[in-house]
Amino acid sequence: MSNKIPVAVLAATGSVGQRFVQLLDNHPWFEVVALTGSDRSIGKPYGEVCHWLLPGEMPAWAREMIVRPSTPEAVQAPLALSGLPADLARDIEPAFATAGTVICSNASAYRRAADVPILLPEINAPHVHLIEAQRRLRGWSGAITTNPNCTSTGMSIALKPLQDAFGLKRVFAVSLQALSGAGYPGIASMDIIDNVIPNIGGEEDKVEWEPRKMLGTLSGDSIEMASFGISAHTNRVAVTDGHVVTLSIELGTRAKPAEVVEVLRAYQGPKEARGLPFSPNPVIVVRDEDNRPQPRLDRMTGSGMTTVVGRVRPDSLLDIRMVVLSHNTIRGAAGGSLFNAELIARMGYLGPQYTR
Ligand SMILES: NC(=O)c1ccc[n+]([C@@H]2O[C@H](COP(=O)([O-])OP(=O)(O)OC[C@H]3O[C@@H](n4cnc5c(N)ncnc54)[C@H](OP(=O)(O)O)[C@@H]3O)[C@@H](O)[C@H]2O)c1
């Protein structure tokens, strides 16, 4: 019998769900025991209802699995990785947490809840201990944890070493976001080919808020938000995978580009987040070429888990500017949730039987 940790994937047929299935193939700690979907898919083999969009074959073990409803009764597992749409996550995820399952969610439904962490372990692993407050306050034996919006991901990771070394005052962010971030089928081809769409519903609010929670400090039963300000413009571009964010940054104390590059390259993150199967190694790569990072060339750096920074240079209004690239469905979604799940297992929140 396998001694791996049983895991369910909620909304397994979607963009994020497929990435989960792909990345869980041969995972050293986790074994998929259930895949869920909507009424369209329930009761049918995953191989029949999932329109597989990723390079490489659908794993053979997934093909024959029968898609189940997203209820704790139909899915019994200590851990569930969720690619549910936010409106459904609002009711479904607490039902699992009540039943004793720890959820690692990609949905925005609970990111703003004071007792729910938004985790990027390489910058805020200690926020995982909010699970204790959540269990005490809500009476859950499971928990809900989240990862951020995929645009907040790379920029928050790149900002953390600068916050530690110099402090942050103001950040101006412009995103160039890939199509896969809109799910499948996403945006109609006639709307995006030869085009840029200068609005992504709700995204600017998320990008201006979530990094400040993640870069905040755990204090009692909540997170004290980081005090710097963010102004964000978010745009959809005709790239398949990989979100680019350009940043202009006002630091607490001024620093030269070479000093910024040095702290970015040296950054290692909290010790709890190192050495896990999905830990990015290195956390950040800084490229020296003046035309990098580029999504097509650089998104798979560190198997898609490493944040890639380039064009670190002086800013004519603030202090420093740079370009950040992060793979939106790997580091920004499914890979990020898996990394969170590994941290949770390491910290003992799945119970002693499943502590790694
Ligand atoms: N794509 C990204 O880069 C990204 C990044 C970060 C966060 N997110 C978030 O992740 C979530 C999923 O996004 P996505 O891009 O994967 O969306 P998507 O491609 O549109 O997939 C939606 C999924 O939801 C499933 N679903 C719908 N109703 C359901 C129900 N009642 N029970 C169970 N499953 C149900 C669908 O299943 P059927 O196929 O069976 O209908 C499908 O698998 C969203 O909350 C999104 O905001 C996405």
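**Exercise 1. The two domains**

How many residues of domain 1 are in contact with residues of domain 2, and how many residues of domain 2 do they meet?

*Solution.* Begin by noting that the model in front of you is predicted. The protein chain is divided into domain 1, which covers 5-148 + 334-354, and domain 2, which covers 150-327. Across the boundary, 32 residues of domain 1 are in contact with 29 residues of domain 2. On the side of domain 1 that touches domain 2, the helices α5 (121-124), α6 (130-138) and α12 each supply at least two residues. The largest share of that side, seven residues, is given by α12. Sorted by class, the side of domain 1 that touches domain 2 holds 18 nonpolar, nine polar and five charged residues. As a last step, consider the domains as wholes: the C-alpha centres of domain 1 and domain 2 lie 24 Å apart.

**Exercise 2. The shell around the ligand**

Explain why the ligand shell lies between domain 1 and domain 2, and describe which residues make up this shell.

*Solution.* The first step is to ask which domains contribute: domain 1 and domain 2 both give residues to the shell around the ligand, and therefore the shell lies between them. Next, look at the individual residues, where Gly14, Gly37, Ser38, Ser41 and Gly183 come nearest among the 28 residues around the ligand. Then turn to the helices, since α1 (15-24), α4 (86-98) and α12 (330-346) each supply at least two residues of the shell. The largest share comes from α1, with three residues. Finally, sort the shell by class, which gives 10 nonpolar residues, 17 polar residues and one charged residue.

**Exercise 3. The packing of α1 and α12**

Determine how α1 is placed relative to α12, and name the residues through which the two helices touch.

*Solution.* Two packed helices are described by the angle between their axes and by the distance between those axes. For α1 and α12, the axes come within 9 Å and cross at roughly 50°. Because of this angle, α1 is oblique to α12. The crossing of α1 and α12 is right-handed. On the α1 side the contact is made by Val16, Arg19, Phe20 and Leu23, while α12 brings Ile330, Ala333, Ala334, Gly335 and Leu338. By class, the contact of α1 with α12 has seven nonpolar residues, one polar and one charged.

**Exercise 4. Two partners of α7**

Describe how α7 packs with α9 and with α10, and set out the classes of residue in each contact.

*Solution.* Take α9 as the starting partner: the axes of α7 (residues 150-166) and α9 (residues 203-214) come within 9 Å and cross at roughly 35°. Here α7 passes α9 in a right-handed crossing. In this contact, Thr151, Ser152, Met155, Ser156 and Leu159 of α7 meet Glu203, Lys206, Val207, Glu210, Pro211 and Met214 of α9. These residues divide into five nonpolar, three polar and three charged.

Now turn to α10 (residues 257-266), which packs with α7 at an angle of about 115°, with the axes 9 Å apart. The helices α7 and α10 are therefore roughly perpendicular to each other, and α7 passes α10 in a right-handed crossing. The residues involved are Ala158, Pro161, Leu162 and Ala165 of α7, together with Val260, Val263 and Leu264 of α10. Sorting them by class gives seven nonpolar residues, no polar and no charged ones in the contact of α7 with α10.

Methods. Residues are numbered from 1 along each chain as its sequence is written. This is a predicted model: local features need pLDDT of at least 70, side-chain atom pairs count only at pLDDT 80 or more; totals for chains, interfaces and linings use all residues. A residue is near a molecule or strand if its C-beta atom, placed from the backbone, lies within 6 Å of it. Helices (H or I, at least four residues) and strands (E, at least two) are DSSP runs, numbered from the N terminus. Ala, Val, Leu, Ile, Met, Phe, Trp, Tyr, Cys and Pro count as nonpolar, Asp, Glu, Lys and Arg as charged, and the others, Gly among them, as polar. Domain bounds come from an automatic or database domain assignment. Axes are lines fitted to C-alpha atoms, for helices over the stretch in contact, and angles run from 0 to 180 degrees between N-to-C directions. Angles under 35 degrees count as roughly parallel, over 145 as roughly antiparallel, 65 to 115 as roughly perpendicular and the rest as oblique. A crossing is left-handed if the near helix is turned anticlockwise from the far one by less than a right angle, and right-handed if clockwise. Two residues are in contact if their C-beta atoms, placed from the backbone, lie within 7 Å.
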